[in-house]
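Work through the following exercises with the coordinates at hand, and try each task before you read the solution beneath it.

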Amino acid sequence: MVEPDHICWGGEHRHACSHTLDVRDLYATYGKTDALRGISFSTHCGHTLALIGPNGAGKSTLINILAGLIRPDSGSVLWNGASPDTCRREFAYLPQRTEVDLRFPLTVRALVSMGRYPMLGPWRSPGPHDTGIVNRALEALDLEPLQHRQIGQLSGGQLQRALLARAVAQEAHVLLLDEPFTGLDEPGTASLAELLRNLAAEGRLIIASHHNLQNAADIFDRTLLLHREQIAFGPTAEVLCPQNIQRAFSTAAR
């Protein structure tokens, strides 16, 4: 398979290289409870990866580890052969919409502009280059007509697009989404699915926890099926076979 060129908007050029995420023998616990046991997989930019399993399977734990929000008990996460801690701005974490304070007086444009903060540091003000990146992110996610609207006035699908635009403005290579389709109606789901596929086609890696087995293969080309331990990893249609689903969603897999 030929990897797509990876788009770096800031440099106004494309460069073809291997942006690879390696997860090796990952273990994590909450107190005395195993959250993850021996998770190992490798993937790279250009893919959409679903994390699928029942409630309590460890999906959010894995996303939080990849985002650097919690530490595993053992095992490693490598991004291009090095710790992601050396390049955290290449990872963007999108929480569930219920975790966003919609009462905060923030416009869509201001929310998307927050994606530039990791590049600016504490003292530098946004310049023409940063404004151009924000404009491109708004355009890419079809948010230009909504850019001056307060985030509390957005629909669920519009808010997800705004959060994605913030990640795009950050020029992140890896987008980590926690249950992004929860609460969306059918048109909103279809629209978000198309956006995720387009973002991956541009050379990003999309990783999202997901619960709908019926539409997973339409949205994600790869799936990690887990129930605290790894059940299967690979092409979605192959992973979500009846035998694997039964293993993942039965109490015996705990």
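**Exercise 1: a salt bridge at D221**

D221 is partly exposed, its relative accessible area being 28%, where buried stands for under 20%, exposed for over 50% and partly exposed for what lies in between, computed with a 1.4 Å probe on protein chains only. The model is a predicted one, in which local features need pLDDT of at least 70 and side-chain atom pairs count only at pLDDT 80 or more, whereas totals for chains, interfaces and linings use all residues. Residues are numbered from 1 along each chain as its sequence is written, and side-chain values use heavy atoms, with hydrogens and water left out.

Task: determine which side chain meets that of D221 in a salt bridge.

Solution. Apply the criterion first: a side-chain nitrogen of Lys or Arg must lie within 4 Å of a carboxyl oxygen of Asp or Glu. The side chain of R222 fulfils this with D221, at 3.5 Å from N to O. Then turn to accessibility, where R222 has a relative value of 22% and therefore counts as partly exposed.

**Exercise 2: the surroundings of L49**

Task: locate L49 in the secondary structure, decide whether L49 is buried or exposed, and list its contacts beyond the neighbours within four places in sequence.

Solution. Begin with the strand assignment: L49 belongs to β5, residues 48–52, strands being DSSP runs of E with at least two residues and helices runs of H or I with at least four, numbered from the N terminus. Next, the relative accessible area of L49 is 0%, so this residue is buried. Finally, with contact taken as heavy atoms within 4.5 Å, the partners of L49 outside that sequence window are F41, T43, I206, I207, A208, F220, R222, T223, L224 and F233. R222, already met as the salt-bridge partner of D221, is 173 residues from L49 in sequence, yet their C-alpha atoms are 4.7 Å apart.

**Exercise 3: further salt bridges**

Task: state how many salt bridges the whole structure holds, and examine the pairs R71 with D85 and E202 with R204.

Solution. The search of the whole structure gives 8 salt bridges. In one of them, the closest N and O atoms of R71 and D85 are 2.9 Å apart. Because R71 sits in the loop between α1 (59–66) and β6 (74–79), and D85 in the loop between β6 and β7 (91–94), this pair ties together parts 14 residues apart in sequence. R71 is exposed at 62%, while D85 is partly exposed at 38%. For E202 and R204, the N to O distance is 2.5 Å; E202 is partly exposed at 28%, whereas R204 is buried at 4%.
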